[in-house]
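Good morning, everyone, and thank you for making time for this. Please take a moment to look at the sequence and the model before I begin.

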Amino acid sequence: MKEYKTITEISGPLVFAEVDKPIGYDEMVEIETEDGEIRRGQVLESEDGLVAIQVFEGTSGIDKNAFVRFQGETLKMKLTENLLGRVLSGSGEPIDGGPPIEPDERRDIVGAAINPYAREYPEEFIQTGVSAIDGMNTLVRGQKLPIFSGSGLPHNELALQIARQASVPEEEEGGDDSEFAVIFGAMGITAEEANEFMDDFERTGALERSVVFMNLADDPAVERTVTPRMALTTAEYLAFDKDYHVLVILTDMTNYCEALREIGAAREEVPGRRGYPGYMYTDLAQLYERAGRIQGREGSVTQIPILTMPGDDDTHPIPDLTGYITEGQIYVDRDLNSQGVQPPVNVLPSLSRLMDDGIGEGLTREDHADVSDQMYAAYAEGEDLRDLVNIVGREALSDRDNKYLDFADEFESGFVDQGFNTNRDIGETLDIGWDLLSTLPEAELNRIDEELIEKYYGGDESVEEEATAD
Amino acid sequence: MSQADTTVREDGIIDSVSGPVVTAVDLDARMNDVVYVGDEGLMGEVIEIEGDITTIQVYEETSGVGPGEPVENTGDPLTVDLGPGVLDTIYDGVQRPLDVLQEKMNSAFLDRGVDAPGIDLEKEWEFTPEVEEGDTVEAGDVVGTVPETVTIEHKVLVPPNSEGGEVVAIEAGEFTVEETVVELDSGEEIRMRQEWPVREARPAGDKKTPTEPLLTGQRVQDGLFPIAKGGTAAIPGPFGSGKTVTQQQLAKWSDADIVVYIGCGERGNEMTEVIEDFPELPDPQTGNPLMARTTLIANTSNMPVAARESCVYTGITIAEYYRDMGYDVALMADSTSRWAEAMREISSRLEEMPGEEGYPAYLAARLSQFYERAGYFDNINGTEGSISVVGAVSPPGGDFSEPVTQNTLRIVKCFWALDADLAERRHFPSINWNESYSLYREQLDPWFEENVADDWAEVRQWAVDTLDEEGELQEIVQLVGKDALPEDQQLTLEVARYLREAWLQQNAFHDVDTYCEPDKTYLILTTIKTFNDEAFDALEAGVPVEEITDIDALPRINRIGVQEDYEAYMDELKDDIAAQLRELY
Ligand SMILES: Nc1ncnc2c1ncn2[C@@H]1O[C@H](COP(=O)(O)OP(=O)(O)OP(=O)(O)O)[C@@H](O)[C@H]1O
Ligand SMILES: [Mg+2]
């Protein structure tokens, strides 16, 4: 391997060096500073004679006297089933004091695209035990469903609750959920948040079936661009080579995108919206699309990326581009949070696009789709009326309107607010749904099949008459 | 993509690599030539020539590719293979069949450097001649037919750039697409397979004013904002508002002969869904599997960006080919914004001067060139064929003022604006009835009046007026509450609510409701209008509005959509509504 001492320029996270032989795009690089410290980096651009290198651990301390060594290959992740239970740095090195990783295989972290022809459409219901998700925005195996949150909101609690409770109903019966694994990729989160996760993992014994990648707030920003790729390469290996059902939690995607912006700026690229690179959609898609199922393979990769929306604004490029790629989104809401609703999920803007095929008779329950539809409509109507009530007061509203107002309140307190430690099965969730719907007159349930109304509707005719009488 | 007999010209050497953009020196090439890049032979296309430097966009990932590696020129532009076998196939953006790639790569993941012809070169097809020896044929003429799928008879055409001539030999029977089936006196040999460069429109005669609707089976579209066969439409909307579901509904239920569905930079699972569903679902016209009339092009968001740029051209060229056979083709592109972004990404790597929001200055020109390839045409062989193009647009932040939406709106004649608010309250399809429009409405009215009901336009106008009035009343309601309105206005609100819930809303996931024929669309409207007319009579006779809106029959209006035997249901319902209301006075 040839060593160069040819650095010509250092700019932000980038180092430029002259070379006399061709260097491949994305190739790995080691830079050794004069005092013997080794930094790792990656070739971003290679033009005959000059390469641009992005240095993961930051460029501070590097000068023109540093040595540059090209590794002749792209960045690889060391893979083995024994990664389960390990805690690694953001670039895949053990930081738990355990033994070095003895890989069975080393794999390129960029990851090839799954051939759409080879995919299997995800339709296996995952019960998270959270009513707002299971009932209204059902998650399925192989889905990518992000949490859209804001700073200071309990998105981590929600993610942990899902990681703890996630199960597939038939497995519960069979008693075999050993093939479930969690991959946790942290990007730029605070040590405190990291502890929150680690404590929960240790307390619940989840660590044994987890692989943790930690890039903390004070770790190099550039490293964040490789952390999710390391995590996803591991996930694909466990899912498609070792038959695990893998749940990948990536947090916080906002920090990842900031790192992309930083690199873009250092390369003096023409920036896109709000300074983020024009290729951010493609870049994010290359992460999020690494979820799914493949025909003929047992395992699956399910992704729950978490992002904090700057200024709670979902038109900001990070949530916006994410929403355009993922299969829905779960909104964590500031108002609900301040009302003490736990988890504070706002179901109205939330969506699971893979829900329709994952629910119904034989999968969840025959009434699931209709109940969810009707609750959406009713809650939306109640929500609308709240604005009006502020102006004209409850008395000015019709009886029908008042019922919808009550419905909205009950929906939040009875259905959504279940606490972070309650695990509801889908039957329980739907039954609560019927309790709520039964407060509305039967004729209002126009989205529910008549037979289902007959079977489940518990509305009391006498109550209804009483209401119309006064 | 074709692997045609290629005259290899001078090879070059890679000079630099930056993502999908590679420059080469010493390459003797023309603009848009297809080249093979690097030791692995990755497919690319020449997009700029400056002095000795040739710039190439590469249709595959370039990690690990470095300067010094060779570049080989095929000397041919990017073409598609056309012939039997295009239907019932799923391609990537450069027309490589994804099933063949999976087999050749022996992997569920897309590897690099593997090419495959767009149509199976070994398969034999039953060719039935349509001409005889001694006949004179010209470019575009049909020389024979092949049963391509259970639904579609493939017409074998004299290639558009042929000089034509007299038929001197003709075959009948089983042949591969590369075998000669017809020979002309000029020595030209006609095969079932032909090639066409994707960036060039196939020749056609004049465009005609479309007068026939492309029926969509969707009430809000057929009823309020119809598109013509040969028309263009845009579906802009923020994420999750229903662009893909709408496009898939059109692919499933529209009365086109052929459907070309392009997944351009969108999700893998969405394409998988189509691949799994379409072979199972029946074509509403023939009852055959939908796939038998469909070609899919899937260049998902994580597949190479340059192939995303080319996938819309691959799709529209295939559409033109079937148009030339005299078919009505519907093309959906989901999403044209991703295509525009691919242009932007490549343009910025070329360091071109950016236009608005970083998009290249030629964005508007490319969009209009693309939509211009739609239309209702007189074909060069004397038949008529059409291409209807429906493009999804994904505006950043859902803001329609951005360049792709705006430039698209200048071209297309149908605007189906999706609305996040409607989607949020699960009003689907979330097509906003105030913002959307169709410039085809008037020119299609005669068709609907003749084929559905002679008061089609009139009844629709009533619906439009009622919805408009509701919009105005809602603003007042927001301030004072509904009960403060006079009774007739309260009644209008109630009627409008049924228009929204029973007519405009349509559940794509309900077995019956998912498709609504024009007759049903019309009848639902007349049922609601019956209620309207009877209710106003009752009101005039002094019946309080609460009593009118409380009759038993009304909730049944919202269940019409899911009725299979809708005529009987609605007849009874209309009678019941009238009877119950008249009982009140
Ligand atoms: N006609 C419809 N009937 C029932 N549900 C619908 C309909 N249209 C849309 N939906 C619902 O809305 C969800 C989102 O729709 P869709 O995936 O088409 O959005 P999109 O506009 O394509 O979003 P993106 O830009 O992110 O791709 C669907 O998964 C479905 O739940
Ligand atoms: Mg979509």
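I will talk about one chain as a whole, and after that about a ligand site.

Please keep in mind throughout that what you see is a predicted model. Let me begin with chain B, which has 15 helices and 26 strands, and whose C-alpha trace spans about 90 × 55 × 40 Å along its principal axes. Its radius of gyration is 27 Å, which agrees with the value near 25 Å that a compact globule of 585 residues would have. Of those 585 residues, 63% count as buried, while the chain exposes about 20,700 Å², with carbon and sulfur atoms supplying 43% of that area. If we take the contacts in chain B between residues at least 6 apart in sequence, 70% of them join residues at least 24 apart.

Now to the ligand. Where does ligand 1 lie? It lies between chains A and B, surrounded by 21 residues, and the closest of these are Arg353(A), Lys243(B), Thr244(B), Val245(B) and Arg267(B). By class, that shell has nine nonpolar, seven polar and five charged residues. Helix α8 of chain A, residues 317–325, and helix α3 of chain B, residues 243–253, each supply at least two residues of the shell, and the largest share, three residues, comes from α3(B).

Turning to individual atoms, Lys243(B) places a polar side-chain atom 2.7 Å from an oxygen atom of ligand 1, and Thr244(B) likewise has a polar side-chain atom 2.7 Å from a ligand 1 oxygen. Overall, the protein covers 94% of the 630 Å² of accessible area that ligand 1 has on its own.

Key: Residues numbered from 1 in each chain as written. Chains lettered and ligands numbered in written order. Predicted model: local features only at pLDDT ≥ 70, side-chain atom pairs only at ≥ 80, totals over all residues. Heavy atoms only, no water. Near = heavy atom within 4 Å. Polar contact = N/O pair within 3.5 Å; in protein donor to acceptor, adjacent residues only side chain to side chain. Areas by Shrake-Rupley, 256 points an atom, 1.4 Å probe, with all protein chains shown as cover. Helix = DSSP H or I, 4+ residues; strand = E, 2+ residues; numbered from the N terminus. Nonpolar A, V, L, I, M, F, W, Y, C, P; charged D, E, K, R; others polar. Rg over C-alpha atoms; globule rule 2.2 N^0.38 Å. Buried < 20%, exposed > 50% of the residue type's maximum accessible area, 1.4 Å probe, protein only. Contact = heavy atoms within 4.5 Å.
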